Amino acid sequence: MSNKFSTFICQNCGSETSQYFGRCLNCNEWNTIVEERKNTRSKITSVNKNKKSKLFNEIEIGNISRFTSGFKEFDRVLGGGIVPGSIVLLGGEPGIGKSTIVLQSAGKISLNEKVLYITAEESLEQVKIRWERLNQSSLDLKIYAETNLSSIIEEIKKIKPGFAIIDSIQAINNDEMESSPGSVSQVRNCSSELQNLAKENNIALLIIGHVTKDGALAGPKTLEHLVDVVLNFEGDNIASHRLLRSVKNRFGSTFEIGIFEMLENGLREVINPSSIFTNKENIAGVTTTITNEGSRPFAVDIQALVNKTFYNNPRRTTTGMSINRLHQILAVIEKHVGIKLSEYDCYIATGGGFEINDPSSDLGVAISILSSLKNIPPLINCAFIGELGLSGQVRQASNIRAKIDEAVRLGIKNILVPKITSEIKDSFQKFIQIKEISNINEAINHALND
């Protein structure tokens, strides 16, 4: 007979305790501890006695034969395609299009690989309705509606697909556990069982995961450590574009992004993302910067509005960048340019609300603020690249060659950059006017006085 015992598990962080507390002692969240009953069963695991330790020069590495997801943007984020035997975790807000992009990819992959789509949240008829709306074609794609883990594992073993999709991990339950589907214990156990199955049979597995109200992936942090790739699908309810962002990738670079546009018949790749985030306007308070996301540069408009304040404390509002970064840039301008910005409200927004993390956009933000304050349009058809130091200097930007190359591709005629090597300058001087600067005052002279 199996002995049953109770354990108390935090549904936020996954920590276990032997008794109930109103507040989790690990993550300090209130009312997240739930009592769960488990079955203790002695599991006899087979030991492979043929395995042994090896020296590095004894290990042979074969070529990783990836297969395409059907989207070039998806493949870029994955590091070049899907690796057989890999586990990919895809998370995102409800209604953002996770099931849509996965179903579209499944149809394209099925033209070359055997695909099994396991839907635990919808019926077969509901999936068929979405499939007809997407107007996709498939060759070897099977749909299986099931929530029981044992049945799912049996179906995967029977079909033996090259690519399997779980939609979603929070809706699957293991009968051997008495906790409800979506709990920390169920998510951890089901994902572990599916990982073992995928690795043993060399099946590429894509798992869709829900997110919490804070935007983090639901379930234990162990889930993110367990998989090979973690992707976030981002967007909002107003804009039609979607960003697929890599957070973890064992087979490629992290923080790579792919850009899609949501249409009536599904998602479409955006080959030229700069067209979404820049309008090439020459008006006061608007500048263009070339930012980097992963290994990919593209142009983003930065808009500033500076107005006389009517409050004791001036307002500072940002959309698409850190408010602390804005405070730092305003302090540098006030100190080294001599303009008292404490008497003005300042509002900053990026084109399309795109989140900028690259510090080389500081120069574009500073010039847009001063342009709005003086009501003077910046230098026409110009891009601004450079990190603003606390002493007013313009510091070197990462991946500067690729950023200048992107500016040339977009037809930008002028670019302000920190000091660069003569080799880079000679490579682009025929295509774009490069103006090198060393501090914020030099940038103002070029951008607002030329």
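A contact here means heavy atoms within 4.5 Å. By that criterion, and with residues up to four places away in sequence not counted, valine 88 touches Leu78, Leu205, Leu206, Ile207, Val229 and Leu231. The model is predicted. Valine 88 belongs to strand β4, residues 87–92. Its relative accessible area is 5%, so valine 88 is buried. One of its partners, leucine 78, is 10 residues away in sequence. The C-alpha atoms of valine 88 and leucine 78 are 8.9 Å apart in space.

The chain as a whole was then described. It has 450 residues, of which 48% count as buried. Its secondary structure comprises 12 helices and 21 strands. Along the principal axes, the C-alpha atoms fill a box of roughly 85 × 55 × 50 Å. Among contacts with a separation of 6 or more, 66% join residues 24 or more positions apart. The exposed area of the chain is about 22,600 Å². Carbon and sulfur atoms supply 47% of that area.

Aromatic residues were examined next. A search of the whole structure gave seven aromatic pairs. One of them joins phenylalanine 233 and phenylalanine 260. The ring centres of phenylalanine 233 and phenylalanine 260 are 6.3 Å apart, and the planes meet at 75°. Planes over 60 degrees apart count as edge-to-face, so this pair is edge-to-face. Phenylalanine 233 is in strand β9, residues 229–234, and phenylalanine 260 is in strand β11, residues 257–263. The pair therefore ties together parts that are 27 residues apart in sequence. Both partners are buried: phenylalanine 233 has 2% relative accessibility, and phenylalanine 260 has 0%.

A further pair is formed by phenylalanine 277 and phenylalanine 354. Their ring centres lie 5.0 Å apart and their planes are at 45°, so the pair is tilted. Phenylalanine 277 lies in helix α7, residues 274–277. Phenylalanine 354 lies in the loop between β16 (344–350) and α9 (362–374). This pair therefore links parts that are 77 residues apart in sequence. Phenylalanine 277 is buried, at a relative accessible area of 1%. Phenylalanine 354 is also buried, at 1%.

Phe233 and Phe260 also belong to an aromatic cluster, which they form with Phe71. Phenylalanine 71 has a charged neighbour over its face: lysine 108, at 5.3 Å from the ring centre. A second lysine is placed over a ring elsewhere in the chain. There, the charged end of lysine 308 sits over tyrosine 344, 5.1 Å from the centre of the ring.

The surface was also searched for nonpolar patches. Phe56, Ile59 and Ile61 make a nonpolar surface patch of about 430 Å². Isoleucine 61 is in the loop between β3 (33–40) and α1 (72–78). Residues count as exposed when over 50% of their relative area is accessible. Isoleucine 61 has a relative accessible area of 78%, so it is exposed. Valine 88 provides the opposite case, being buried at 5%.

Terms used
Residues numbered from 1 in each chain as written. Predicted model: local features only at pLDDT ≥ 70, side-chain atom pairs only at ≥ 80, totals over all residues. Heavy atoms only, no water. Patch = residues over 30% accessible without salt bridge, like charges linked within 9 Å, V, L, I, M, F, W, Y side chains within 5 Å. Areas by Shrake-Rupley, 256 points an atom, 1.4 Å probe, with all protein chains shown as cover. Salt bridge = Lys/Arg side-chain N within 4 Å of Asp/Glu carboxyl O. Helix = DSSP H or I, 4+ residues; strand = E, 2+ residues; numbered from the N terminus. Buried < 20%, exposed > 50% of the residue type's maximum accessible area, 1.4 Å probe, protein only. Phe/Tyr/Trp six-rings, centres within 6.5 Å; stacked < 30°, edge-to-face > 60°. Lys NZ or Arg CZ within 6 Å of the ring centre and 35° of its normal.
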